[in-house]
Amino acid sequence: MKMMPLLGCMVFLGLAGLIVAQDAPVADKPAEAAYLGADKCKMCHSKQHVTWTKMKHSRAIESLSAEEQKNAECVKCHVTGYGKTGGFESMEKTPKMAGVQCEACHGAGSLHMKAPKPEKKNTINGKGTDCRECHSPHVDVNRKKGGEEKKEEAKP
Ligand code: HEC
Ligand code: HEC
Ligand code: HEC
Ligand code: HEC
């Protein structure tokens with residue numbers, strides 16, 4: 001009598017082993033998505049891609065000088081996936097990840113891209129990250145505009 005549950009257990013473990021072996025990459029290393037870049041998203045989201053190219057987000061790297069582009073303290077908000085798998089490293093190595101791209105707001109997209117249709121929504125941040133992660137009131141946005149911005153403030 002005591003053997004039955006144990007046997008059941010062994011059969012179950014055997015099966016589980018089989019399943020794990022079959023899709024080992026996924027089962028072993030659960031769900032850490034990699035960054036892909038906006039070109040990949042464009043394939044399926046051409047409309048959003050068009051609106052994005054019209055925003056300064058897409059060109060945010062151009063606001064930084066060559067020196068500033070090497071400064072971690074600057075690039076972290078002006079590029080995509082800085083220091084993460086597939087994300088921005090440097091202008092030499094990963095120019096395609098410069099600028100505030102889709103994944104800077106929606107999170108890394110590799111799992112989303114591969115997912116079957118019913119899983120698409122569960123594999124991406126549809127709401128987008130909190131804008132305040134980068135748009136902090138403590139960031140000095142007047143560093144280049146200088147006096148112009150002050151005039152704006154003078155309005156009632
Ligand atoms: C192979 C096609 C495909 C690619 C490539 C793709 N997506 Fe999607 N995406 C979809 C589909 C299909 C849906 C809609 C799913 C649904 O309505 O259930 C979707 C939905 C979304 C949504 C909305 C999710 C929600 O909660 O409503 C976002 C955001 C998104 N994708 C971002 C991205 C980003 C960022 C990339 C690039 C990293 C990307 N997608 C690449 C097919 C794709
Ligand atoms: C990853 C950092 C990051 C996130 C997240 C982010 N932004 Fe930005 N945003 C920037 C940077 C950097 C610029 C400046 C681009 C430039 O001029 O170089 C910018 C510029 C802008 C601008 C002015 C650009 C224009 O085209 O007129 C608006 C508006 C804006 N962001 C809105 C938003 C909103 C709304 C959200 C949240 C949904 C958001 N941002 C999230 C980094 C971010
Ligand atoms: C916390 C995130 C963050 C960091 C860190 C950051 N920026 Fe930005 N930067 C932004 C955002 C957000 C904007 C867009 C502000 C807006 O237009 O509302 C911006 C805009 C700019 C602009 C355009 C401003 C304009 O007047 O059009 C320049 C230039 C800039 N940043 C340079 C830098 C430099 C240089 C550094 C490093 C010393 C840096 N940024 C670090 C978030 C950041
Ligand atoms: C600055 C942040 C930001 C960037 C950059 C961004 N998105 Fe979004 N996106 C959002 C937010 C926030 C929403 C949610 C809007 C809502 O809930 O109404 C959204 C919604 C979406 C949706 C859902 C359908 C829709 O249009 O509302 C899709 C798909 C999507 N984004 C794809 C993309 C793709 C592809 C890119 C790059 C080409 C991109 N996004 C770039 C913030 C961003």
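## Ligand 4

In this predicted model, the shell around ligand 4 splits by class into 7 nonpolar, 7 polar and 1 charged residues. In total, 15 residues surround ligand 4. Cys41, His45, Cys102, Cys105 and Gly128 are the closest.

Three helices give two or more residues to this shell: α3 (38-42), α4 (46-53) and α6. Of these, α6 gives the most, with 4 residues.

## Ligand 1

Ligand 1 has 17 residues around it. Cys41, Cys44, Gly109, Lys120 and Gly126 come nearest. Cys41 thus appears in two lists: among the closest residues to ligand 4 and among the nearest to ligand 1.

The class split for ligand 1 is 7 nonpolar, 5 polar and 5 charged. At least two residues each come from α3, α6 and α7 (110-114). Here α6 holds the largest share, with 3 residues.

## Ligand 2

The shell of ligand 2 counts 16 residues. Lys56, Ala60, Ser63, Cys131 and Cys134 are the closest. By class, 8 are nonpolar, 6 are polar and 2 are charged.

Two helices, α5 (72-78) and α6 (102-106), each supply at least two residues to the ligand 2 shell. Helix α6 therefore recurs across the sites, as a helix supplying at least two residues around ligand 2, as the main contributor around ligand 4 and as the largest share around ligand 1.

## Fold

The protein chain is built with 8 helices and 0 strands. Along the sequence the pattern reads α-α-α-α-α-α-α-α.

The chain has 156 residues, and 17% of them count as buried. Among contacts with a separation of 6 or more, 46% join residues 24 or more positions apart.

## Nonpolar core

In soluble globular proteins, nonpolar side chains tend to be buried together. The largest nonpolar core in this chain has 13 residues. Tyr35, Ile61, Val79, Phe88, Met97 and Ala98 touch the most other members.

Met97 shows the local picture. Beyond its neighbours within four places in sequence, Met97 is in contact with Tyr35, Val79 and Phe88, among others. Those three also belong to the core residues that touch the most other members. The contacts of Met97 further include Gly37, Thr80, Gly81 and Gly87.

How values were computed. Residues numbered from 1 in each chain as written. Chains lettered and ligands numbered in written order. Predicted model: local features only at pLDDT ≥ 70, side-chain atom pairs only at ≥ 80, totals over all residues. Near = placed C-beta within 6 Å. Nonpolar A, V, L, I, M, F, W, Y, C, P; charged D, E, K, R; others polar. Buried ≥ 20, exposed ≤ 12 C-beta atoms within 10 Å, placed from the backbone. Contact = placed C-beta atoms within 7 Å. Core = buried A, V, L, I, M, F, W, Y, C linked by C-beta atoms within 7 Å.
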